[in-house]
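Biologist: I would like to go through this model with you, one contact at a time. Please keep the answers short and give the reasoning.

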Amino acid sequence: MQILVVEDDPDIRTALEQNLGDVGYVVSAAGTAREALRLAALSPPDLVLLDLMLPDRPGSDVCRALRTDPRTRTVPVIMLSARSGEEDRVAGLEQGADDYVQKPFSMRELLLRIEAVLKRSRPAPRAPHVDSELATAREQIRVWEGFSLNHFERGEWEECQEICRTILRRHSDQVTQPEAALLLDRIRRCDEFLDRHNGRI
């Protein structure tokens, strides 16, 4: 995870770089709004720690600029400020920040805030990818619903069974129990149909 630290105080900036690096984050740092926006556009971070008071532009301007750039509009921002008033916190959140941390802060608290914001910003887990083999097996289940319209020699049918069983084994984590039961039931029924019709369907 990459974090961009935007802080004009060199002591605070160095402390943040060291502490975040110690717990495994990749850290880049800027002391001005201009440099922060340049770094963010060059390599969009996973999160921005943004000081509200910067020498060239307010941190709120940086936050708005991040939100309007397609490359960084979804990057979470935690504002850092010595201002403690409720109006300041509300204003920071209204400008697009995901959280607001008052200075001075403990690193433990900041790390917990970072973790919480990153967790909220992560996309929901995606459903397992269904590849073409598994899609073919599922389609075959539907085809077998009307198996009387299909004609297989015994050897062809046995080869088809083996392919389908291999697919089931290979993709067992992606096949639901009802699908597996239906597929095996179709294999059994087609076997019985073959036996009743002299090896041909």
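Biologist: Leaving aside its neighbours within four places in sequence, which residues is Arg-71 in contact with?

Modeller: Note that this is a predicted model. Arg-71 lies in the loop that joins helix 3 to strand 4. With neighbours within four places in sequence set aside, the residues in contact with Arg-71 are Ala-41 and Pro-44.

Biologist: How far apart in space are Arg-71 and Ala-40, C-alpha to C-alpha?

Modeller: In sequence, 31 residues separate Arg-71 and Ala-40. In space, the distance between their C-alpha atoms is 8.4 Å.

Biologist: Are helix 2 and helix 3 roughly parallel or roughly antiparallel?

Modeller: Helix 2 (residues 33–42) packs against helix 3 (residues 59–68) with the axes 10 Å apart and at an angle of about 20°. Angles under 35 degrees count as roughly parallel. That makes the arrangement of helix 2 and helix 3 roughly parallel.

Biologist: How do the residues of the contact of helix 2 with helix 3 divide into nonpolar, polar and charged?

Modeller: Helix 2 contributes Ala-33, Leu-37 and Ala-40 to the contact, and helix 3 contributes Val-62, Ala-65 and Leu-66. By class, these residues of the contact are 6 nonpolar, no polar and no charged.

Biologist: Which strands stand at the edges of the sheet?

Modeller: The sheet is open and has 5 strands, with parallel pairing and the order 2-1-3-4-5. An edge strand here has a single partner strand, so one side is left without a neighbour in the sheet. The strands at the edges are strand 2 (26–30) and strand 5 (99–102).

Biologist: Which residue of strand 3 is the bridge partner of Ile-3?

Modeller: Strand 1 (residues 2–6) pairs with strand 3 (residues 47–51) in the parallel sense, over 4 bridges. In strand 3, the bridge partner of Ile-3 is Leu-47.

Biologist: What angle does the direction of helix 3 make with that of strand 4?

Modeller: Helix 3 packs on the sheet and touches strand 3 and strand 4. Its direction and that of strand 4 make an angle of about 175°.

Biologist: Is the β-α-β unit of strand 1, helix 1 and strand 2 left-handed or right-handed?

Modeller: Strand 1 and strand 2 pair in the parallel sense over 5 bridges, and Val-6 has Ala-30 as its bridge partner in strand 2. Strand 1, helix 1 and strand 2 make a β-α-β unit that is right-handed.

Terms used. Residues numbered from 1 in each chain as written. Predicted model: local features only at pLDDT ≥ 70, side-chain atom pairs only at ≥ 80, totals over all residues. Heavy atoms only, no water. Axes fitted to C-alpha atoms, helices over the stretch in contact; angles between N-to-C directions. Helix = DSSP H or I, 4+ residues; strand = E, 2+ residues; numbered from the N terminus. Parallel < 35°, antiparallel > 145°, perpendicular 65-115°, else oblique. Contact = heavy atoms within 4.5 Å. Nonpolar A, V, L, I, M, F, W, Y, C, P; charged D, E, K, R; others polar. Pairing = 2+ DSSP bridges. Right-handed = clockwise from strand over helix to strand, strands pointing away.
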